[in-house]
Amino acid sequence: MKATLFTLAAAAGSAYAQQSAYGQCGGQGWTGATTCVSGYTCVAQNSYYSQCIPGTASTKATTTIKATSTPVSTKATTTPITTKATSTAGTTKATSIATTATSSTAPASSGKVSYAGVNIAGFDFGCGTDGTCTVSGAVNPGSNGIGQMDHFVKDDGLNTFRLPVGWQYLVNGNLGGTLDATNFANYDSLMQGCLNSGAALCILDIHNYARWNGAIIGQGGPTNAQFDSLWSQLATKYKNNPKVVFEIMNEPHDVNITEWAATVQSAVTAIRNAGATANKILLPGNDYASASQFISDGSAAALSTVTNLDGSTTNLIFDVHKYLDSDSSGTHASCTTNNVAAFDTLATYLRANKRQAFLTETGGGPTDSSCLTDVCQELDALNANSDVFLGWVGWAAGAFDTSYVLSETPTLSGSTYTDVPLVTQCIAGKFH
C-alpha cells in the first residue's frame, strides 16, 4: 500500500542564527545552530542531544544527530508477514503545544528504563490498517509464545510483553457483543502465560487502528459506547492484576484528534468504572502513534485532557511507536535513522508537562548492521531520559517466522533458545 512520507528539511551548510530558549543546539549529527540566545547556554544532555538552558555563556556543541524523516508508520497484520500502510490524508490536526520547557530542570534519569521486552504477535494477524480484522486470520502463539516469554525473562532479563489482538477476534465478529468464550479463553491463556513468566507488565493491545471494518470509532463508525463495552469487559477480567496494562488502541491514524481524545476518555472512564483503578492505561495519538509527530499533530494537547475518575492522570501513559527505516514504516530490514532527535524532543515536552510515555513498538532488521547501530542508539536515548520514558517493546516475536523482516523470534533447538542479534545487543542488551 502506498505510504505518504513526511520529511524534515535539513538545511545543511546554511548559516544558522542563534538557537532559541530550550531549543536543540548540538548532538551527534546535528547541523543546526550551536550557540544560544542571550541568557542561555548550550549544555550537553547526552552524546546525542544538547539544549539551550538558562545560563550566562554560549557554548558550541560538537556532536550531532542524524537527520530524521518524520513519517507515518505502515504496519498491518493481514498475514504473519506484517506491513504498515501509511496514508495521512484528511487527518484533522489540533493546535499543537509548544515544546518549550518552562523550567531548567535537567533529566532526573536513572540511566535505565524500568521496562523492556518484545511483542508476542499472532492474535493480531488478519488485521489491516483499516481496522478489518478477520477472525480466521488470527494465529494463536500458544505454547510457543509462552515458551518465548519464559526464555526472554529467564535468559535475557526482559520483563514486559505486549500481546496484540484484533477486536473482532475477542467478540467473534459481533460488534458491541460480549467476549466470545472460546476466543477469549485462547487469548487469556497467552495472558496468563505472560503473567506466570515473571514479567512485570503484560500489555493488552487492541490492534484495530481506531477502526472496525473501515469505520472510525466515535467518528461515524462504532459508537464510543460499543468500544466502552469491550474495555469494560476486559477491565472486569483483569482488574485484580495491576501487571496487566490496557493499551486503548494500536496506531490510530487519520482521525479527528479532538474527537479521538473524547473516545479515549470514554474508554478510560469505562475501565476505571469497572474497578480497574490500579492498572496502567496507554493513550495512543494520531499518525500511527508516531513519536516524532505526537506533539506537532495535536495528540499531546488532546490526550493531555484525558483523566481518571478523580481528575488525576496517575497511570495514564502516552503510547508511542517509532521505526527506523527510510520511511518509518517498519517494513525494511535496514535502518537510516536512530530517532534520537525525535525522542529527545518528546522527552523535553514530557518533562515540562510532568507526563511519561512508553515506546510499545520499534525494531529493525534482526541482523542488519545499520539497525544494530541505530536501534541501540535509539534505546540509549530512552535510557538517558528514563525519568519520562517507561520503557520499550520490540516488534516482534510470537507467531512470526524467523524469516519475517523484523523478526525477534528466537530459534529453538531442543530446549535451548538462540536470540537474534538485535535482541541480544539492543532490545535486551540496552536494558542491562
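1. Two strands are said to pair if DSSP finds at least two bridges between them. In this predicted model, strand β12 (residues 281-284) and strand β13 (residues 316-321) meet that condition, being joined in the parallel sense over 4 bridges. Within this pairing, P284 has D319 of β13 as its bridge partner.

2. These two strands belong to a closed barrel of 8 strands with parallel pairing, in the order β6-β7-β8-β11-β12-β13-β14-β15. From one strand to the next, the twist averages 30°.

3. Strand β8 deserves separate comment. Its pairing with β7 is parallel and rests on 6 bridges, and V165 stands opposite I206 of β8. With β11, strand β8 also pairs in the parallel sense, over 4 bridges; here I203 stands opposite V245 in β11.

4. How many of the residues of β8 are buried? The count is 6 of the 6, so β8 is largely enclosed by the rest of the structure. In a regular strand the side chains alternate between the two faces of the sheet. In β8, L201, I203 and D205 point one way, while C202, L204 and I206 point the other way, and all are buried.

5. Helices pack against the strands. Helix α3 lies across β6 (115-121), β7 (160-165), β8 and β11, and runs at about 155° to β8. Helix α9 (residues 369-384) packs on the sheet as well, where it touches β14 (357-362) and β15 (389-398). The direction of α9 makes about 150° with that of β15.

6. Helix α4 (residues 224-238) comprises 15 residues and spans 21 Å from its first C-alpha to its last, close to the 21 Å expected at 1.5 Å a residue. Its buried residues are F227, D228, L230, W231, Q233, L234, A235 and Y238. An α-helix has 3.6 residues a turn, so residues three or four places apart point the same way. The elements covering the buried residues of α4 include α2 (167-171), α3 (181-196), β8 (201-206), β11 (244-247) and α5 (257-273).

7. A search of the whole structure finds 4 disulfides; three are described here, beginning with C194 and C202, whose S to S distance is 2.0 Å. The torsion about this S-S bond is about -100°, so the disulfide is left-handed. C194 has 0% relative accessibility and therefore counts as buried; C202, also listed above among the residues of β8, likewise counts as buried because its relative accessibility is 0%.

8. Which parts of the chain does the pair C335 and C371 tie together? C335 lies in the loop between β13 and α8 (340-352) and C371 in helix α9, so the disulfide connects parts that are 36 residues apart in sequence. The sulfur atoms of C335 and C371 are 2.1 Å apart. With a torsion of about 100° about the S-S bond, this disulfide is right-handed. Both cysteines are buried, C335 with a relative accessible area of 8% and C371 with one of 0%.

9. Helix α9 also contributes C376, which a disulfide joins to C426 of helix α10 (residues 421-427). The S to S distance of this pair is 2.1 Å, and it links distant parts of the chain, 50 residues apart. The torsion about the S-S bond of C376 and C426 is about -95°, so this disulfide is left-handed. C376 counts as buried at 9% relative accessibility, as does C426 at 0%.

Notes
Residues numbered from 1 in each chain as written. Predicted model: local features only at pLDDT ≥ 70, side-chain atom pairs only at ≥ 80, totals over all residues. Heavy atoms only, no water. Expected span 1.5 Å × (residues − 1). Buried < 20%, exposed > 50% of the residue type's maximum accessible area, 1.4 Å probe, protein only. Contact = heavy atoms within 4.5 Å. Axes fitted to C-alpha atoms, helices over the stretch in contact; angles between N-to-C directions. Disulfide = S-S within 2.5 Å.
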